[in-house]
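Please walk me through this structure step by step, beginning with how one chain is built and ending with how two chains meet. I am in my first year, so a careful explanation would help.

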Amino acid sequence: MMNSRDVVKVGIADLNICHAPQTISTSGLGSCIGLVIYDEVKKIAGLVHVMLPHSSLSRTSEIKVGKYADSGIDTLLNMLEKEGTAKYRLKAKMAGGAQMFQVQNSNPMLRIGKRNVEAVEEILNNYRIPIIAQDVGGNKGRTIEFIPETGELKVRTAHEGVKFI
Amino acid sequence: MGYFSNLKQLQLDILKEIGNIGAGNAASSLSDFLGMSVMMTVPKVNVVSFDEMMEITGGSEHIQAAVFVPFEGEINGSVYILFAPEDADRFVKLLTNDPSQTVLNSNNSLALSAFKELGNILVGSYLRALSDFSNLQLYQHVPNVTIDMAGAILTEGILEISTVSDEVILIETVLNELGDNKQPMSGHFVLLPDPLTYKKIFKALGVSSDDEQS
């Protein structure tokens with residue numbers, strides 16, 4: 001049985017779901033995106049910690065689905081559907097996509113935060129899932145926790161404290 | 001998965017030696033710069049998951065003062081030097097000769113630039129040692145400084161490797177004990193070569209895998 005105080009922790013490039021009164025969190029988001037998709041009637045939420053915008057960037061045949069925006073969102077939606085959420089009720093909140101360093105470098109990987117945000121927005125738009133709130137960009141790390149009971153996303157930023165979106 | 005599963009002990013030892021020479025060189029630069037002794041631990045080389053990597057300095061959310069230096073050339077990758085903010089502040093106070101300086105005030109550009117300069121010296125000596133040892137050319141980019149969550153900082157260095165692997169070779173050396181009264185501190189060097197760079201380093205040092213030698 002679930003412990004009412006459970007926090008489901010999601011690692012980097014991973015994903016999971018939780019049921020109220022559980023909450024779900026991920027920490028140390030820089031250029032990565034913490035994306036929450038939730039059903040506020042069923043009080044079920046899924047979270048994916050996306051590192052990169054698209055699975056076509058992968059140079060291996062086997063992929064860790066949570067690493068990429070496209071495969072991560074697809075898998076998360078399947079998991080949510082299996083839990084009995086209704087597709088038309090799904091909503092999203094996200095945080096992350098920062099640029100931690102101002103690097104003068106030919107490597108486009110170092111501007112990945114913005115591309116991650118754009119990729120997530122585009123995919124959610126295709127699925128017609130509205131983004132209710134977001135805290136993205138900037139140059140600070142973030143830790144997030146989603147509370148399905150209230151539909152709030154708690155965002156903690158280094159040096160700037162906590163806010164709810 | 002398994003990108004690094006064929007690594008031989010000899011290859012891991014070579015990477016350990018790179019960590020050793022690099023950090024040794026950096027410790028001696030730091031010692032010259034500050035006019036006091038600086039010790040370092042034996043380097044560790046481990047193949048770890050991304051989540052495990054974020055734990056090296058105490059957790060993904062843990063605030064660290066970091067200087068991040070990407071490098072390019074015959075070999076590519078990045079190096080971090082990470083300090084607990086209070087250890088970074090000890091250097092900053094020494095360098096500026098002002099006990100009120102702290103890197104935790106994000107508007108304090110003097111403290112941040114003093115810390116950046118320190119990081120630049122350390123990473124510069126580390127990379128020079130890597131280049132000399134492997135006889136491979138590289139040039140370092142402008143250093144970047146940030147005081148933030150370890151996870152957010154370290155992820156930037158593993159984006160490239162994450163397209164081929166869910167694990168990373170962590171080449172980690174810790175600087176500790178500063179001065180004659182042996183004040184403990186901990187500064188982590190983390191070297192993150194890009195995927196193809198490992199092969200070049202191994203080839204340059206004559207420890208390629210069997211299939212590549214044929």
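In this predicted model, chain B is built from seven helices and eight strands. The radius of gyration of chain B is 17 Å, which is close to the 17 Å that the globule rule gives for 214 residues, so chain B is as compact as a globular protein of that length. Along its principal axes, the C-alpha trace of chain B spans about 60 × 30 × 30 Å.

The next topic is how the chain packs against itself. Of the 214 residues of chain B, 57% count as buried, where buried means that the relative accessible area is under 20%. When the contacts in chain B with a separation of 6 or more are considered, 74% of them are accounted for by residues that lie 24 or more positions apart.

Turning to the surface, chain B has an accessible area of about 8,600 Å², and carbon and sulfur atoms hold 49% of that area. Chain B also carries 11 positive and 27 negative charges, and the mean positions of these two groups are 5 Å apart.

Finally, there is the place where the two chains meet. Here 37 residues of chain A are in contact with 31 residues of chain B, and the two chains bury about 2,900 Å² between them, with 58% of this buried area on carbon and sulfur atoms. On the side of chain A, the three residues Ile12(A), Arg59(A) and Phe101(A) supply 23% of the area that chain A buries against chain B, which is more than any other three residues supply.

Terms used
Residues numbered from 1 in each chain as written. Chains lettered and ligands numbered in written order. Predicted model: local features only at pLDDT ≥ 70, side-chain atom pairs only at ≥ 80, totals over all residues. Heavy atoms only, no water. Helix = DSSP H or I, 4+ residues; strand = E, 2+ residues; numbered from the N terminus. Rg over C-alpha atoms; globule rule 2.2 N^0.38 Å. Buried < 20%, exposed > 50% of the residue type's maximum accessible area, 1.4 Å probe, protein only. Contact = heavy atoms within 4.5 Å. Areas by Shrake-Rupley, 256 points an atom, 1.4 Å probe, with all protein chains shown as cover. Lys, Arg positive; Asp, Glu negative; His and termini not counted. Charge placed at Lys NZ, Arg CZ, Asp CG, Glu CD. Buried area = accessible area lost by both parts, 1.4 Å probe.
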